[in-house]
Structures are given as structure tokens and as C-alpha cells.
Amino acid sequence: VRDITVSKQRQEQLKIFSRFIEASNQGFGIGTLDGSVQYANPTLLKMMAANHIDEVVGKQISEFYPPELGATFRDQIFPTVLDEGAWSGESTLVSKSGPIDVEEHYFLIRDELGNPQYIADVITDIRERKRTRAELERLVAERTQALKERETLLTALMDATQDTVALVDREGIILSIN
């Protein structure tokens with residue numbers, strides 16, 4: 001009789017990990033070392049406006065970027081991941097619903113011997129973050145302009161006050177305010 005406790009524990013851990021990936025609000029994708037998509041979790045499919053995983057599996061990862069970024073992916077990012085093991089940065093994905101600003105973290109999945117086996121990507125939709133940042137920048141610019149206008153007005157009032165004081169001193173006029 002063989003003890004299968006460890007094997008059952010590993011299977012349960014894999015099930016938990018699978019549920020974690022499937023339920024995450026971040027996109028997870030896995031591709032082959034030649035850049036062919038093998039897996040996309042439901043969040044990534046939703047980002048891509050894909051109705052079924054068959055719409056993305058088998059396509060080249062670079063197809064999901066605008067042409068200029070697709071070339072950057074093929075010529076720079078993908079080789080960096082293969083050479084260094086990882087790459088992180090902001091980019092833009094193309095989906096059926098339009099461009100998506102994302103933050104990505106590509107990394108290698110290695111086999112038991114440490115050899116690269118797959119390339120994986122964790123993708124975060126940053127469109128809302130960028131909208132918020134742009135709105136904050138707009139508000140800061142508005143406030144800065146309002147402060148400049150107030151400063152200009154205050155400077156004009158101070159100049160007028162100084163002119164009035166100088167006139168009073170020169171003419172010996174005493175002003176009374178009731």
C-alpha cells in the first residue's frame with residue numbers, strides 16, 4: 001500500500017491555485033516560448049473582449065498589441081524575458097472593444113531543471129488609474145491658475161495700496177474711513 005497523502009495535498013493545492021487564477025481581477029496569460037498563446041484567464045478574456053478562450057489560444061502574443069508595440073514586443077520585450085527571465089512595464093493591448101492601457105509583468109515559467117518552459121504575463125488594466133491621474137493633473141492645473149490669478153490681483157491691490165500711501169505721505173492728506 002502506497003501513501004498518497006502528499007499527492008492528494010498537491011492536487012488540492014493545484015485546485016486552489018487554479019481557482020485563485022480563475023477568480024482574480026488581474027489578467028493572467030501563458031504562452032509558449034515561440035510566443036503562441038496557450039492560456040488566458042476569464043479576466044484577460046474580458047479585457048480582450050473575447051467570448052471564448054478559443055478566440056485567443058494559438059495566436060501570437062504580439063497580435064494583441066498595436067503594430068508598433070507588437071514589433072517592440074517581438075524585437076525587445078520577448079528577447080529580454082528569454083534572456084533575463086522577466087520584464088515589467090506599461091503598454092497598450094488591442095481588444096475588440098478598443099485599446100487598453102495596461103501594466104504588465106512578463107516572466108518565465110521554468111521546469112524542474114530550471115529550463116524555460118513557458119512565458120507568463122500578469123496584466124493589470126490601468127485605464128481608471130490613468131483617468132484619475134489625468135483628472136488630478138487637470139485639477140492641479142486649475143488650482144495653480146486660480147492661485148496665479150489671485151496672486152496677480154493681490155499684487156495689484158498691494159501696488160495700489162502703496163501708491164495711495166505714497167500719495168498720502170507726499171500730499172499730507174489724511175484719509176478717514178467710516
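In the predicted model, Thr92 stands opposite Asp101 in strand E4. This pair belongs to the contact between strands E3 and E4. Strand E3 covers residues 86-95. Its partnership with E4 rests on 10 bridges, and the two strands run antiparallel. Together E3 and E4 form a hairpin, with two residues between them.

Strand E4 also has a second partner. Residues 98-110 make up E4, and nine bridges pair this strand with E5 in the antiparallel sense. One of the facing pairs is Arg110 and Pro116, with Pro116 in E5. E4 and E5 form a hairpin as well, and five residues lie between the strands. Gly114 in this hairpin takes a positive phi near 90°.

Strand E5 spans residues 116-125 and is joined in turn to strand E1. The link between E1 and E5 consists of five bridges, and the sense is antiparallel. Here Gly27 stands opposite Ile123 of E5. Strand E1 runs from residue 27 to residue 31. It is mostly covered, as four of its five residues are buried.

E1 pairs with E2 too. Strand E2 holds residues 37-40, and three bridges tie it to E1 in an antiparallel arrangement. Gly31 has Val37 in E2 as its bridge partner. A hairpin is formed by E1 and E2, with five residues between the strands. In its turn, Gly35 shows a positive phi of about 90°. The pairings can thus be followed from strand to strand: E3 pairs with E4, E4 with E5, E5 with E1, and E1 with E2. In general, side chains in a regular strand alternate between the two faces of the sheet.

The loop between E1 and E2 also contains Thr32. Is Thr32 buried or exposed? Thr32 counts as buried because its relative accessible area is 18%, and the cut-off for burial is under 20%. Beyond its neighbours within four places in sequence, Thr32 is in contact with Gln38, Phe78, Tyr118 and Ile119. Of these contacts, Gln38 falls within the residue range of E2. Tyr118 and Ile119 fall within the range of E5, and Phe78 within that of helix H3.

Helix H3 comprises residues 67-84, and Thr80 lies in it. The relative accessibility of Thr80 is 23%, so this residue counts as partly exposed. Which residues does Thr80 contact, leaving aside its neighbours within four places in sequence? They are Gly85, Ala86 and Trp87. Ala86 and Trp87 belong to the residue range of strand E3. Arg150 is 70 residues from Thr80 along the chain, and the C-alpha atoms of these two residues are separated by 52 Å.

Another residue of interest is Ala49. It is found in the loop between helix H2, residues 42-47, and helix H3. Ala49 has a positive phi of about 60°, although it is not a glycine. Most residues other than glycine have a negative phi. Ala49 counts as partly exposed because its relative accessibility is 23%.

Over the whole chain, the secondary structure comes to four helices and five strands. In order from the N terminus, the elements run α-β-β-α-α-β-β-β-α. The chain has a radius of gyration of 30 Å, whereas a compact globule of 178 residues would have one near 16 Å. Along the principal axes, the C-alpha atoms fill a box of roughly 115 × 45 × 35 Å.

Of the 178 residues, 26% count as buried. The exposed area of the chain is about 12600 Å², and carbon and sulfur atoms supply 56% of it. Among contacts with a separation of 6 or more, 43% come from residues 24 or more positions apart. The chain carries 20 positive and 29 negative charges, and their mean positions are 7 Å apart.

Terms used. Residues are numbered from 1 along each chain as its sequence is written. This is a predicted model: local features need pLDDT of at least 70, side-chain atom pairs count only at pLDDT 80 or more; totals for chains, interfaces and linings use all residues. Side-chain values use heavy atoms; hydrogens and water are left out. The radius of gyration is taken over C-alpha atoms; the globule rule is 2.2 Å times the number of residues to the power 0.38. Buried means under 20% relative accessible area, exposed over 50%, partly exposed in between (1.4 Å probe, protein chains only). Contact means heavy atoms within 4.5 Å. Accessible areas come from the Shrake-Rupley method with a 1.4 Å probe; for residues, only the protein chains shown count as cover. Lys and Arg count as positive and Asp and Glu as negative; His and the chain ends are not counted. The place of a charge is taken as NZ of Lys, CZ of Arg, CG of Asp or CD of Glu. Two strands pair if DSSP finds at least two bridges between them.
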